[in-house]
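Student: Could you show me how to read a protein structure, one feature at a time?
Tutor: Gladly! Let us look at it together.

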Amino acid sequence: MAGQTSFFLSRTGPGLALDSVLERAVRDTGAYAGGVWLLSPPDRKILRLVVTTGVPQTVTRPWERVSVAASVPVADATRERRLVWLSPDGALSRHYPRTGLILPYSFAMVAAPITSGGTAWGALVLLWPGTHPSELSEAEQDAAETACADLAAVCRRAAARGRSTLIGPEPRVLSPRPSEPPGPAQALAAVDFAARLPEGACSLDLDGRIVFISPRAGELVGRDPADLVGFLPAEKLSWLNDPVFEDRYRSAVLSQQPMTFTALRPPDTWLTFRLHPDPSGISVVITPAPSGEPEGARQPRHTETPAPVRPGALYHLMHLAASLTEAVGVDDVVELIADQIVSAFDAEAVALATLQEGRLRIIGSHGFGPDLLERFDAMHVSGLSPGSLVARTGTASFFATRDELAEAFPEVISRTTKGAWAFLPLIASGRTVGVCLLAYDKPHPFPHEERAALTSLAGLIAQALDRGRLYDAKHQLAQGLQEGLLPQRLPGVTGLDVTGRYLPATYGMDIGGDFYDLIRLDDTTVAAVIGDVEGHNVSAAALMGQVRTAVHAYATAGAAPGEVLARTNRLLTDLAPDLSTSCLYVQVDLAAHRARLVTAGHPPPLLYAPDGHAETIPLPAGVLLGVDSAATYETVDVALPPGSLLMMYTDGLVECPGVDMDEAVRDVARRLARSEYRSLDALADNLLLPGPCGPIRNDDIALLLLRSAADPGRP
């Protein structure tokens with residue numbers, strides 16, 4: 001119900017504004033197609049296709065959900081906040097080989113970020129024909145950027161009105177609007193014109209369905225035109241059910257250039273099809289080919305049975321196979337399978353189960369009801385079920401009808417209403433790691449070639465799951481090591497409220513080098529330290545532990561702040577001359593309400609004063625630790641009135657591509673000044689929410705907040 005409500009809101013209010021801006025952007029830039037992707041709440045890690053025009057859904061479906069970390073144009077534009085231009089001379093294949101493998105056609109593309117006020121909302125994508133010049137014109141860029149500004153305004157207004165999302169359950173598809181719709185007389189004249197031509201004439205909509213076919217065309221293909229309207233050609237003419245013919249159609253749609261192919265209509269009639277595209281569809285001219293088999297012509301794979309894998313499915317499979325190679329953890333694999341395999345094979349449901357301690361545990365599904373999943377979850381591998389049998393034998397099972405399943409497993413058929421099933425073993429390194437189940441509402445024949453494709457795909461899924469499990473295990477180990485090197489708890493100090501946070505990078509399993517610590521020197525004096533070791537590996541983590549230990553030892557020995565860093569620096573130049581470390585050291589005298597600060601190339605702290613003003617404390621930029629053994633460090637003494645809050649952080653909080661670091665620091669200062677949190681823990685959590693850098697963190701973050709005894713009226 002929530003999804004339906006959000007779709008209703010998006011369609012009747014701001015959603016219509018998005019549609020209008022997209023249509024204007026396509027018109028003003030001279031593009032033939034476009035789409036709008038928006039970051040999906042609440043975590044904003046997925047870009048969802050909201051509305052599109054000029055491109056068939058069969059083309060856009062693999063990209064309806066895109067991870068903002070993916071290496072694709074729309075994600076790069078959003079994540080890096082930059083315009084991505086891809087000329088029609090093969091730029092897509094050069095810069096994005098995975099996408100280029102799926103769309104090896106000649107067209108130009110721009111992906112432009114939708115941003116406002118430091119917030120990234122998503123991206124606008126526009127497409128031009130393959131005849132577009134190699135450079136984006138200034139007028140086209142201006143029009144695209146204007147559209148992005150308007151789209152951002154729509155998103156901002158929707159957010160201000162409490163609309164949680166502009167994203168519906170399915171992308172909206174806008175039909176290109178003709179400049180001047182024909183009247184009845186014109187329409188009849190057009191039909192008469194097509195009927196008088198010696199060639200056959202046919203019109204396809206953007207999804208490739210026949211919307212008009214002349215009598216002569218029906219005669220040439222051997223069918224009554226009335227039987228063909230409303231269908232894909234391959235659905236009624238099995239001899240056209242070939243991926244090569246689909247490729248010509250997709251090439252015409254995306255390049256907006258004429259395409260030609262020749263096919264054999266059984267038993268011996270060769271026909272030439274000339275495709276003439278525009279943004280609303282394709283006009284097809286059908287003529288008899290010259291006598292004999294034309295060079296490069298295609299003979300049909302089958303004359304009586306469907307094609308082994310429907311046209312278009314191969315593109316989804318290629319996209320899915322390529323995506324599986326980039327999937328990181330198990331959750332990524334599950335999400336990919338749920339999103340892609342159903343549409344690739346026209347299935348209605350999919351479930352993925354892994355073998356755990358002799359039982360099949362469902363780890364992801366799409367299209368199945370919760371009751372059915374609960375009934376089959378945790379089924380023992382020795383049980384009497386199709387999934388258990390496949391897990392034991394490692395051999396796929398296909399049931400094309402309910403009768404076939406009832407004959408083999410009579411106790412199972414009463415528990416499901418589906419009409420056909422494929423149970424696929426997931427085998428990696430010679431062992432079964434799980435089972436993938438595909439289900440169809442109606443009977444499905446599972447031709448031999450489709451069974452082979454499904455079995456091969458299951459192998460790729462198994463390998464991806466195996467890699468995902470290994471990644472998850474290593475990631476947990478790395479995080480455990482990182483957390484073990486950080487203080488388990490900070491010491492309590494009378495008159496001082498303190499909290500610390502560590503947040504690993506969003507992606508990657510390397511060990512971070514960020515650290516923080518609080519050192520009690522006496523009853524009224526503490527030292528706070530935060531730093532960032534160069535690198536993300538075991539060596540960096542080991543050095544981080546040594547830096548913490550050295551600073552702690554020199555501080556408790558009574559060294560002055562500048563001397564603490566100087567001595568630590570000399571130690572590091574001996575221990576790890578090839579690694580450097582930034583470090584900020586603050587000695588707080590609670591009795592005197594003073595702080596002495598010294599930095600070794602670390603971002604300066606922010607001070608939130610009792611009067612509500614937040615500012616950066618300027619400090620002399622010291623040399624990074626481990627670079628120059630003779631370096632000295634200058635100490636700065638500042639007042640720290642009661643109720644003051646000192647914020648120390650590493651650069652991962654404010655550093656991201658396309659965002660000025662000084663502006664990012666000012667943004668954090670503004671958020672700090674506007675905060676009304678009495679709890680430091682709540683404030684720390686708020687400061688770590690996605691800011692100008694968005695949800696993707698390319699670096700880890702350490703944060704340390706210190707507040708002297710606060711006045712009751714201040715946060």
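Tutor: We will go through a sheet, the helices lying on it, and some salt bridges, keeping in mind that this is a predicted model.

Student: Let us begin with the sheet. In what order do its five strands come?
Tutor: To read a sheet, go from strand to strand across it. Here the open sheet runs β19-β28-β27-β24-β25, and the pairing is antiparallel.

Student: Which strands stand at the edges?
Tutor: Those are β19 (496–503) and β25 (614–616). Each has a single partner strand, so one side of each is left without a neighbour in the sheet. On average, neighbouring strands are turned by 15° against each other, direction ignored.

Student: How many bridges link β27 and β28?
Tutor: Five bridges join β27 (residues 645–649) to β28 (residues 701–708), in the antiparallel sense. You can pick out one facing pair there: methionine 648 stands opposite leucine 704 in β28.

Student: Which strands do helices α22 and α23 lie across?
Tutor: Helix α22 lies across β24, β25 and β27, at about 20° to β24. Helix α23 lies across β19, β27 and β28, and runs at about 30° to β19.

Student: And where do these two helices meet each other?
Tutor: For a helix pair, look at the axes, then at the residues between them. The axes of α22 (residues 661–674) and α23 (residues 680–687) come within 11 Å and cross at roughly 145°. The crossing is right-handed. Val668, Arg671 and Leu672 of α22 meet Leu683, Asn686 and Leu687 of α23. Sorted by type, the contact residues are four nonpolar, one polar and one charged.

Student: Now the salt bridges. What is the general idea?
Tutor: Side chains of opposite charge can pair when their charged atoms come close. A search of the whole structure here finds 21 salt bridges. One of them joins glutamate 80 and arginine 79, at 3.6 Å from N to O.

Student: Is arginine 79 buried or exposed?
Tutor: Arginine 79 has 17% relative accessibility, so it counts as buried, because buried means under 20%. Its partner, glutamate 80, is at 22% and therefore counts as partly exposed.

Student: What about the bridge between arginine 94 and aspartate 89?
Tutor: Their side chains meet at 3.5 Å, N to O. Arginine 94, at 52% relative accessibility, counts as exposed, whereas aspartate 89, at 48%, is partly exposed.

Key:
Residues numbered from 1 in each chain as written. Predicted model: local features only at pLDDT ≥ 70, side-chain atom pairs only at ≥ 80, totals over all residues. Heavy atoms only, no water. Axes fitted to C-alpha atoms, helices over the stretch in contact; angles between N-to-C directions. Helix = DSSP H or I, 4+ residues; strand = E, 2+ residues; numbered from the N terminus. Left-handed = near helix turned anticlockwise from the far one by under 90°. Contact = heavy atoms within 4.5 Å. Nonpolar A, V, L, I, M, F, W, Y, C, P; charged D, E, K, R; others polar. Pairing = 2+ DSSP bridges. Salt bridge = Lys/Arg side-chain N within 4 Å of Asp/Glu carboxyl O. Buried < 20%, exposed > 50% of the residue type's maximum accessible area, 1.4 Å probe, protein only.
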